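User: I would like to go through this structure with you, starting with its internal spaces. Could you take my questions one at a time?

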Amino acid sequence: MDVWWIVLAAVALLLAAGAAFALTRRRRRPSEEALPEPPSGKLREGLLTTRRRFRDQLQAALGRATRDAALAELEDVLVAADVGVRTAAELIARIGRRVGRDADVSVVGPALRDEIATLLGMEVAPEPSAKPWIVLVTGVNGVGKTSTIGKLAALHRAAGRRVLLVAGDTFRAAAGEQLAVWAERSGAELIRQAAGADPSAVVFDGLKAARARGIDVVLIDTAGRLHTRTNLMDELRKVRRVVAREVPSAPHETLLVLDATTGQNAVSQARTFTEAVGVTGVVLTKLDGTARGGVVIAVRHELNLPVRYVGVGEAIDDLRPFDPAEFVEALFDPEPASTSGPARNLLTAGGGGN
């Protein structure tokens, strides 16, 4: 009889464990499942307009009879693509040294592609190595900063990390509500106060909560500050000092969100924010719109700031780690169905001249 009681008890335990597991599966938020990797064609699709315009202008420049004429027109093409005067001049100088004075025009296109890839380099974003890992996210209004924070949270959640969002933008009335929506969508936790509260106090509370809850990653939203407003930049510096005081060696990453469609103004923003708070990486948004794409190259060259992530859409999984090789491929590679032979010959390695 004792044996039967043992068997029945074991069966009951198994049934209870199965029911608990099923309930946990049903209650798990969608954000806790691994997010699908954004399709590799997303960046290519986002740069479609840029690629077509850039390719057509390159075709005209590289169709010149001499190397010097091709390089002179190519410099204008790069400036028009938001690469900037300084960076365009540097690329042209590198290409000139690379191909030599007597080179055929046909080698200029492949040389440009290689030099852009070299200039961008490859710098992997740091993995969280402290707990909590503090990320300060900055940028002016309208660049997509708050939505970028939500998408970053989703990336960390998909990696199995507990994430806390801190609503440090207390100046914009809807900022806290918007961040709350992204917290829900991404499965992150949230600390916020009423609109108009002291941003530094909100950040202080957030860091205190992060330590108490055992949070892995803290993403701090900050007010969208016009980079020419000195008093607002001073407030941002104050927030950074609070973070550094409460968590030694923090912030571990300071990201600047830039709108890729603003061209050289984005470079100016990056320079000002870097001087104020020590930006360590850039997130470029709206590459799926009318952006010319060259600002990616300019930010890297002029400020030596790595592009950490690029935004290629509005969906929660449309923020992706920046891959320089993928960017160059998306910018230069012709469209298989519509590009003629000469375009491929002029812009890719191994091509011939006219």
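**Cavity, pockets and local geometry**

Analyst: Certainly; please note that the model is predicted. By class, the largest cavity is lined by eight nonpolar, one polar and two charged residues.

User: Which residues line the largest cavity?

Analyst: The lining of the largest cavity consists of Leu120, Gly121, Met122, Glu123, Val296, Arg300, Leu305, Pro306, Val307, Phe322 and Pro324.

User: What is the volume of the largest cavity, and how many cavities of 30 Å³ or more does the search find?

Analyst: The volume of the largest cavity is about 80 Å³. The search of the whole structure finds one cavity of 30 Å³ or more.

User: Phe322 is in that lining. Which aromatic residue pairs with Phe322?

Analyst: Phe322 pairs with Phe327. The arrangement is tilted, with 5.7 Å centre to centre and 55° between the planes. One aromatic pair is found in a search of the whole structure.

User: Why is that pair called tilted?

Analyst: Planes under 30 degrees apart count as stacked and over 60 as edge-to-face, so the rest count as tilted. The angle here is 55°.

User: Are Phe322 and Phe327 buried or exposed?

Analyst: Phe322 is buried, at 11% relative accessible area, and Phe327 is buried as well, at 0%.

User: Turning to pockets, what is the volume of the largest pocket, and which residues are closest to its centre?

Analyst: The largest pocket has a volume of about 450 Å³. It is lined by 23 residues, and those closest to the centre are Ala125, Pro126, Glu127, Tyr309 and Pro321.

User: Which helices and strands supply at least two residues of the lining of the largest pocket?

Analyst: These are β1 (133-138), α7 (145-158), β5 (253-259) and β7 (307-311). Helix α7 gives the most, with four residues. By class, the lining of the largest pocket comprises 17 nonpolar, one polar and five charged residues.

User: And the second largest pocket: what lies nearest its centre?

Analyst: Val143, Gly144, Lys145, Ser147 and Lys286 lie nearest its centre, out of 22 lining residues. The volume of the second largest pocket is about 320 Å³.

User: What is the class make-up of the lining of the second largest pocket, and which element gives the most?

Analyst: That lining has four nonpolar, ten polar and eight charged residues. Again α7 gives the most, here with five residues.

User: Then α7 deserves a closer look. How many of its residues are buried?

Analyst: Twelve of the 14 residues of α7 are buried, and the helix is mostly covered. Among them are Lys145, Ser147, Lys151, His156 and Arg157.

User: How does the span of α7 compare with what 1.5 Å a residue should give?

Analyst: The two agree: the 14 residues should span 20 Å, and the end C-alpha atoms of α7 are 20 Å apart. After α7 comes Gly160, whose phi is positive, near 90°.

User: Which residues other than glycine have a positive phi?

Analyst: Asp82 and Ser249 are examples, with phi near 75° for Asp82 and near 75° for Ser249. Asp82 lies in the loop between α4 (67-80) and α5 (85-99), and at 10% relative accessibility Asp82 counts as buried. Ser249 is in the loop between α10 and β5 and is exposed, with a relative accessible area of 60%.

User: Where are the cis peptide bonds to proline?

Analyst: One joins Lys131 and Pro132, with omega about 0°; Pro132 sits in the loop between α6 (108-120) and β1. Another runs from Ala250 to Pro251, with omega near 0°, and Pro251 is in the loop between α10 (230-246) and β5.

User: Now a contact across the sequence: how far is Asp333 from Arg55 in space?

Analyst: Their C-alpha atoms are 9.0 Å apart, although 278 residues separate Asp333 and Arg55 in sequence. Asp333 is in the loop between α13 (324-332) and α14 (341-347) and is buried, at 18% relative accessible area.

User: And how far is Val166 from Arg192?

Analyst: Val166 and Arg192 are 26 residues apart in sequence and 6.2 Å apart in space, C-alpha to C-alpha. Val166 belongs to strand β2 (residues 163-168) and is buried, with a relative accessible area of 1%.

User: Last one: what lies over the face of Trp182?

Analyst: Arg185 does, at 4.3 Å from the ring centre.

Key:
Residues numbered from 1 in each chain as written. Predicted model: local features only at pLDDT ≥ 70, side-chain atom pairs only at ≥ 80, totals over all residues. Heavy atoms only, no water. Phe/Tyr/Trp six-rings, centres within 6.5 Å; stacked < 30°, edge-to-face > 60°. Buried < 20%, exposed > 50% of the residue type's maximum accessible area, 1.4 Å probe, protein only. Lys NZ or Arg CZ within 6 Å of the ring centre and 35° of its normal. 1 Å grid on protein atoms, 1.4 Å probe; cavity = no way out; pocket = protein on both sides within 12 Å on 5 of 7 lines; lining within 4 Å. Points joined across faces, edges and corners; volume = space filled by probe spheres on them. Nonpolar A, V, L, I, M, F, W, Y, C, P; charged D, E, K, R; others polar. Expected span 1.5 Å × (residues − 1).
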